[in-house]
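Biologist: I should be grateful for a close look at the largest nonpolar core of this model. Which residues form this core, and what lies around them?

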Amino acid sequence: MGWLMVLASGALFGFGLALATMIRPEVVLSFLRFQDFGLLLVLGGAVVVTFLAYRFGPRLLARPLFGASFGKHPSELNRNTIVGAAIFGVGWGISGVCPGPAIAGLGAGQWELLIAVAAMLAGAWVHGRLAGGK
C-alpha cells in the first residue's frame, strides 16, 4: 500500500509541475532571466500550501494519512549545504530544470531532458564518491 501512495503522490506532483509549465526549461529560464514572472504564482502557491500543511496538519490530524506519526526533520546550515545549494542553482540556471520537473518532463515525453537527468545522476554519483566516508 505504501508504494502505491508514493506512486500516486509522485504522479500528482508531476502532473502539477506539468500543469504549471515547470517541465518546460524555456519557461523556467525566462523566469530566471526576469522576463516572465508567471512562476512566482506557482512558487507562492507552493509556499502557502506547504505552510498550511505543516502548520495545521499536526493539529487537525492525530497522525499523517499514510504514516505512523508526525516528526521533525532536523536541518542545519553548514558549508556542505551552501556549496550544494550553489551547485544546484548553477545547474538549474544552465539547464532550466531541477530534478522533479526533469523527471516529470520525461514522463511527458520531453526526451531532451535525459541529458539533465544524466547530469543530476552523475553529480549525485560524484557526491557519493567524495562524501563516501560520511
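**The largest nonpolar core and its surroundings**

Modeller: The largest nonpolar core consists of nine residues, namely Leu17, Ala20, Met22, Ile23, Val27, Val28, Phe31, Leu39 and Ala104. Helix α2 (residues 25-32) is the greatest contributor to this core, supplying three residues. A nonpolar core here is a set of buried Ala, Val, Leu, Ile, Met, Phe, Trp, Tyr and Cys residues joined through side-chain atoms within 4.5 Å; buried means under 20% relative accessible area, exposed over 50%, and partly exposed in between, with a 1.4 Å probe and protein chains only. Helices (H or I, at least four residues) and strands (E, at least two) are DSSP runs numbered from the N terminus.

The model is predicted: local features need pLDDT of at least 70 and side-chain atom pairs count only at pLDDT 80 or more, whereas totals for chains, interfaces and linings use all residues. Residues are numbered from 1 along each chain as its sequence is written, and side-chain values use heavy atoms, with hydrogens and water left out.

Within the core, Leu39 touches Ala20, Thr21, Met22, Val27, Val28 and Phe31, when residues up to four places away in sequence are not counted. Contact means heavy atoms within 4.5 Å. A second, separate core has six residues, among them Val97, Ala102, Leu106 and Leu113.

Helix α2 also holds Ser30, which is buried at a relative accessible area of 14%. Beyond its neighbours within four places in sequence, Ser30 is in contact with Gln35 and Asp36.

Aromatic pairs may be considered next. The whole structure contains two of them. In one pair, the ring centres of Phe34 and Phe37 are 6.4 Å apart and the planes stand at 35 degrees, so the pair is tilted. Rings of Phe, Tyr and Trp (its six-membered ring) pair if their centres lie within 6.5 Å, with planes under 30 degrees apart counted as stacked, over 60 as edge-to-face and the rest as tilted. Phe34 is exposed, at 64% relative accessibility, while Phe37 is partly exposed, with a relative accessible area of 45%.

As for the setting of the core, the secondary structure of the chain comprises six helices and zero strands. Of its 134 residues, 21% are buried. Among the contacts in the chain with a separation of 6 or more, 43% join residues 24 or more positions apart.
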